[in-house]
Amino acid sequence: MADYDVIVIGAGVSGLYALHHLRDELELSIRVYDGAADVGGTWWYNRYPGARVDGPGSPYYCYTFSDELMEEWDWAETQPTQTDVLAYVGHVADRFDLRRDIQFNTWVTDASYSDESGLWSIETSAGEHVSARFLVCAVGALSTAYIPDIPGFDGFQGEVYHTGAWPHEPVSFTGKRVGVIGTGSSGVQSIPEIAREAAHLTVFQRTPQYSVPARNRPVSPEEAAHARENWDSIREVMAVNNGGFPFLFDAHSAYMHTPEQRQERLEELWQQGTLNFFFANYSDVLMSNEVNGWVADFLRSKIREAVDDPETAEKLMPDFFVGTKRPILDNGYFETFNRDNVTLVDLREDPFEKFTPSGVSTAQGDHPLDMLVLATGFDAISGTMLKLNPTGRRGVSLKDKWKDGFDNYLGITISGFPNLFMIHGPGTPGVLYNMPLGAEREVQWIGNCIQRLKDKSLSTVEPTTDAEAIWGEEVNTLANRTLFPQTDSWYTGANVPGKPREFTVHLGGPLYFQRISEVAANGYEGFVFEAS
Ligand code: NA7
C-alpha cells in the first residue's frame, strides 16, 4: 500500500500547479518535496541583481487556470522582477492552500521503482522513505546551476556567487572590483546593475550576444483592465500562439520586403522592444541563412550605435545565427560598456591564464578582483532529472538510459520508468514556450492519463521504445528544418562538456499540445498499460 497516490518533486511554478490540479481537481493524495525553504523553484534561486521575467512579460507570464487569480493579482511592471514573481507564486500557494502538502528544505536523494510492488519509493535528505504509485518530476528545466571547470579557478579566494544560486543575504558590490563570467540572459541582466554599484566591473565574455531592449515600464491601469475584461479571448490566442503568448503576428517571409521596408520593419520592432522583436520579425528568420544574416546585421548595427568605443563594440559583435541561442532582453546592457568603471575581456582572444587569490591574469593582462559572479548558466532541460537519477525497472538508472541521448515519449514519459511523468522535460516546448501555461497543459495531460488508469483499474503506464524513437525523430525533424541545431547553445546541450548533443526542445508550440491530445484521444497510442 502506497503512502500517497502521487509524489511531486519540486514546488516551483510547475510543481505547484501539479499539486493543485491533482489534489483539488482529481482528488488524489499528494506529497510535494522541495529542497528550498519556500515555493518558487527557479524564482527562489535566481535572486541576482536585475533578475526579471524576460519573456513578453506581465500580465501574461502567469497561470491561466483560475479567473479569480487573474482578477485579484496586479502586476507592477511589464517585465516583473524576481521579487514580484516570487510574491505572485507565494500568493498562489496561499490562495489554493498548497503549502500544507509541501515539505520544504527536503531534497529527494533517491527515487526507485519496484518491479515487485509497482510503486515508486523515495528517500529524502531528512532520512524518510515514502512511496507512491505515481512520481511527477517538476524539477525545473533551468535549475541545476552549471559551474564550469575552469583550470586554476580554486586559486581565487575572493567572494564567488553563481547567478542561479544567489544568496538570500544581500550581496554588496560597493567599493568592490567585481568580475562577471558569462554573457547569457543572467549576465546581461545583472551586468548593468552591478556596474552601477561596483568600484570596477570586468566582464569576461566568451560568446558575444544579440540583445533587444526590454522596454520595461509600469503596467498601466488601462492595460490591466483590458487584460481582465478580455481574458477569455486572450487565453484563446495564447492557446494558438507558437510561444503561448497573446499575440497574433503577421509574420511573413523577409523576401516580400525591399531592403528599405526590412529596415523600417526591424526598426519599428526594435522601438517596441521585448521578445516580440524575435517572434514577429520574419517567418523565415530561423530557416534561411540569408534572412537571419539581415536581422543579425540590423542588431549588430544597434550595438555599434550604443557603444562609444569602436574596439569594444567590435568585441561585442555576435557571430551566430540570431535566435538560435536564447534571445536576450536588456535594460541598458550595451551602454554599460561606455562607463569608465567597466572593462570587457574577450576570452576568445584573451583567455584566462592564472587565477590568484586576488584576481585573474588573462593572456593580455592582470585583473585584480574582490568578487567573481558566475553567470555561467545551467545544465539545462535534462540536467536536474539526471541529478535526481531515478532508478526504473530492473534497477536501470536514468543515467544509464540517457547515456547517449534523452530518449523519452512526448517529453513527459520514459520507457522503463513506469508511472513517472516529467514536466518541461526534453522534447517538450518547455523553455521556448510560456512556461506557466506549458506546465498547466502538460499537468492536465498527466492528470488525464492518471485518471484513465484509475477509471480502468490499471496499475502502470509506460511508453514503448518504438514510440520513443518515433517521437525523437519528430522533435529532430522539426529542429532540423531550422538553424537552431547549428549553434552551440544550452538548447543543444553544447554548454556542458561531455553532454550528448541533442536539440531537446519541441518547436511545434501548439502543435505539440495537439499531438499529445491526439495520442490520448487515440487510446494513448505508444503506451503500454498493465492491469492491477
Ligand atoms: P546561459 O544563457 O547558458 O549563459 C551562460 C554564459 O556563461 C554564456 O555567456 C556562456 O558562454 C558563459 N560560459 C559558460 N561557461 C563558460 C566558461 N567556461 N568560460 C567563460 N564563459 C562561460 O545562462 P543564463 O543563466 O544567462 O541564462 C539561462 C536562461 O535562464 C535564460 O536563457 C533564461 O531563459 C533564463 P557561451 O555562450 O557558452 O560561449
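Colleague: How many disulfides does a search of the whole structure find?

Modeller: This is a predicted model. A disulfide needs two cysteine sulfur atoms within 2.5 Å. The search covers the whole structure, and the number of disulfides found is 0.

Colleague: Take C449. Why is its sulfur without a bond to the closest cysteine sulfur, and which residue holds that one?

Modeller: The cut-off for a disulfide is 2.5 Å. The two sulfurs are 14 Å apart, so they are too far from each other for a bond. The closest cysteine sulfur to that of C449 belongs to C137.

Colleague: Is C449 buried or exposed, and what is its relative accessible area?

Modeller: Buried means under 20% relative accessible area. C449 meets that, so it counts as buried. Its value is 0%.

Colleague: And C62, buried or exposed?

Modeller: The relative accessible area of C62 is 3%. The limit for a buried residue is 20%. C62 is therefore buried.

Colleague: Now the ligand. Which side chain has an N or O atom 2.4 Å from a ligand oxygen?

Modeller: Among the closest residues are S186, R206 and K325. A polar contact requires N or O atoms within 3.5 Å. The side chain with an N or O atom 2.4 Å from a ligand oxygen is that of T207.

Colleague: How much of the ligand's accessible area does the protein cover?

Modeller: On its own, the ligand has 780 Å² of accessible area. The protein covers 88%.

Colleague: How many residues of the shell around the ligand are charged?

Modeller: The ligand is surrounded by 20 residues. Of the shell, 9 are nonpolar and 8 polar. The charged residues number 3.

Technical notes:
Residues numbered from 1 in each chain as written. Predicted model: local features only at pLDDT ≥ 70, side-chain atom pairs only at ≥ 80, totals over all residues. Heavy atoms only, no water. Near = heavy atom within 4 Å. Polar contact = N/O pair within 3.5 Å; in protein donor to acceptor, adjacent residues only side chain to side chain. Areas by Shrake-Rupley, 256 points an atom, 1.4 Å probe, with all protein chains shown as cover. Nonpolar A, V, L, I, M, F, W, Y, C, P; charged D, E, K, R; others polar. Buried < 20%, exposed > 50% of the residue type's maximum accessible area, 1.4 Å probe, protein only.
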